[in-house]
Amino acid sequence: MLANSGNAAWMLMAASLVLLMTPGLAFFYGGMSQSKSVLNMMMMSFGAMAVVSIIYFLWGWSMSYGTQDIGGVFANPFEFFGLKDSITDADGNYIAGAWGYANVIDVAFQVTFAIITVALISGSIAGRVKYGTWLAFAGIWVTLAYFPLAHMVWGGGLLSGSENGLAAMIFGTTDDGDGGLVASVAPIDFAGGTVVHINAGIAGLILAIIIGKRAGFGKVAYRPHNLPFVMLGAALLWFGWFGFNAGSAFAADGIAGVAWVNTTAATAAAIVGWLITERIRDGHATSLGAASGIVAGLVAITPAAGALTPVGAMILGVIAGVLSALAVGLKFKFGYDDSLDVVGVHLVAGLWGTIGIGFLASETGLFYGGDYKQLVVQIVIALFALVFTAIVTAVIALALKPLGWRVTDEEEANGIDEAEHAETAYDFA
């Protein structure tokens, strides 16, 4: 009988909350889509849940958190293949994980992060992509981009605080108190600024560029077909995000409480920042802006949830709201069709949240501790994640071109729901 039953119960609940985020994302993206493509958009999220779960249990856990490190980039995918030696030992006893409760609970928690990361990318290519090619991309990308980055950041690899990581190479090491060495200034990514949001955001940008624009981009006003869906999705995401951030404390303790409070503070401030920006720029504060501000704040606080004070979280959040509200218009200036603003929200807020830690971290940030080193480390890990995923995504996207990325012009015009799924969301007869 393993100890820490309270923590185990909390982590199972947190895993369930994070899993709920992907259906929440389906509503958020679905509502932002056209009525003739809402089912396809939602199916991209549900497809990610299916494909990524299977792959994660086969080799994803092993690649992310295995003990056989390969160059600091990923772990041996065959060490724990199919979760062997990860659930019970030879005597049938449940194996304890790093946090004292059953290791299989940590597997359950971590698979939900992989699922939502892949699903986030789909918003950048809404309404024009073959479903089969998307599923193939999801499986390959999670293997070659997500699992390695998860290992690098959280599994003791290059972007972690290990003695062999980039942070240790820059500023040296210190004694960890147990006879080992760790980076003297460790990177901070509490719940996935690099692994989830920068990762998904830059992947969305690369895909949008390679796959190309929708037929009417820049000429047709693509308006959300169902704003109540968008707001429902944002609400579900905010609710699930407490599992995402507070769950990343890996215990029902004070750090989880701090993460919960900071998540709420940053998100509330981001809504205000986005709505003020809209009001000044457009003369109106919109429901779409409020929902988008929710997501921008959640994204920004994700890497910082355990490292900031509530006031610092509000500062981080309000800036994220303003930056993302301004950034969603960049696609028109630069001509890339990021359909549902994955770049403007997840990439921009993810970068700001990761780098903002260097300014606002309550112990090591420039504004609190007076030291520049945390800021340098945060910039390094953000840029590394950006470049790594950009290259991997470009290679995968180009390699899949023979399968065919785009539906035909006629199918896109008539509606991808009917073309790809033989269904329509609404019966207008």
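Which residues form a nonpolar patch on the surface, and what accessible area do they have together? Select Val311, Met314, Ile315, Val318, Ile319, Val322, Leu323 and Leu326, which together expose about 590 Å² of accessible area. This is a predicted model, in which local features need pLDDT of at least 70 and side-chain atom pairs count only at pLDDT 80 or more, while totals for chains, interfaces and linings use all residues. Residues are numbered from 1 along each chain as its sequence is written, and side-chain values use heavy atoms, with hydrogens and water left out.

**The whole chain**

Show the full backbone before zooming in: the protein has 15 helices and 4 strands, where helices (H or I, at least four residues) and strands (E, at least two) are DSSP runs numbered from the N terminus. Along the principal axes, the C-alpha atoms fill a box of roughly 70 × 50 × 40 Å. The radius of gyration is 21 Å, which agrees with the value near 22 Å that a compact globule of 429 residues would have; this radius is taken over C-alpha atoms, and the globule rule is 2.2 Å times the number of residues to the power 0.38. Of the 429 residues, 56% count as buried, meaning under 20% relative accessible area, whereas exposed means over 50% and partly exposed lies in between (1.4 Å probe, protein chains only).

**Two surface patches**

Return to the nonpolar patch and pick Ile315, which sits in helix α10 (residues 310-327) and counts as partly exposed because its relative accessibility is 35%. Patches are made of residues with over 30% relative accessible area and no salt bridge, like charges being joined within 9 Å and nonpolar side chains (Val, Leu, Ile, Met, Phe, Trp, Tyr) within 5 Å; the areas come from the Shrake-Rupley method with a 1.4 Å probe.

Next select Glu163, Asp175, Asp176 and Asp178, which form a negative surface patch, Asp and Glu counting as negative. Asp178 belongs to the loop between β3 (173-175) and β4 (181-183), and its 72% relative accessibility is why this residue counts as exposed.

**Salt bridges**

Side chains of opposite charge can pair when their charged atoms come close. The structure holds 5 salt bridges, each being a side-chain nitrogen of Lys or Arg within 4 Å of a carboxyl oxygen of Asp or Glu.

Select Asp337 and Arg214, whose side chains meet in a salt bridge at 2.8 Å, N to O. This pair links distant parts of the chain, 123 residues apart, with Asp337 in the loop between α11 (330-334) and α12 (342-360) and Arg214 in the loop between α6 (193-211) and α7 (227-246). Both Asp337 and Arg214 are buried, and adding Arg128 to the selection shows a network of salt bridges that links Arg128, Arg214 and Asp337.

Move on to Lys331 and Asp341, where the closest N and O atoms of the salt bridge are 2.9 Å apart. Lys331 is in helix α11 and Asp341 in the loop between α11 and α12, so the pair ties together parts that are 10 residues apart in sequence. Lys331 is buried at 7% relative accessibility, and Asp341 is buried at 16%.

**A loop with positive phi**

Most residues other than glycine have a negative phi. Finish at Leu83, whose phi is near 65°, a positive value, in the loop between β2 (74-75) and α3 (103-121). Asp85 also lies in the loop between β2 and α3, with a positive phi near 60°. Is each side chain buried or exposed? Leu83 is buried, with a relative accessible area of 11%, whereas Asp85 counts as exposed at 56%.

Definitions and conventions
The place of a charge is taken as NZ of Lys, CZ of Arg, CG of Asp or CD of Glu.
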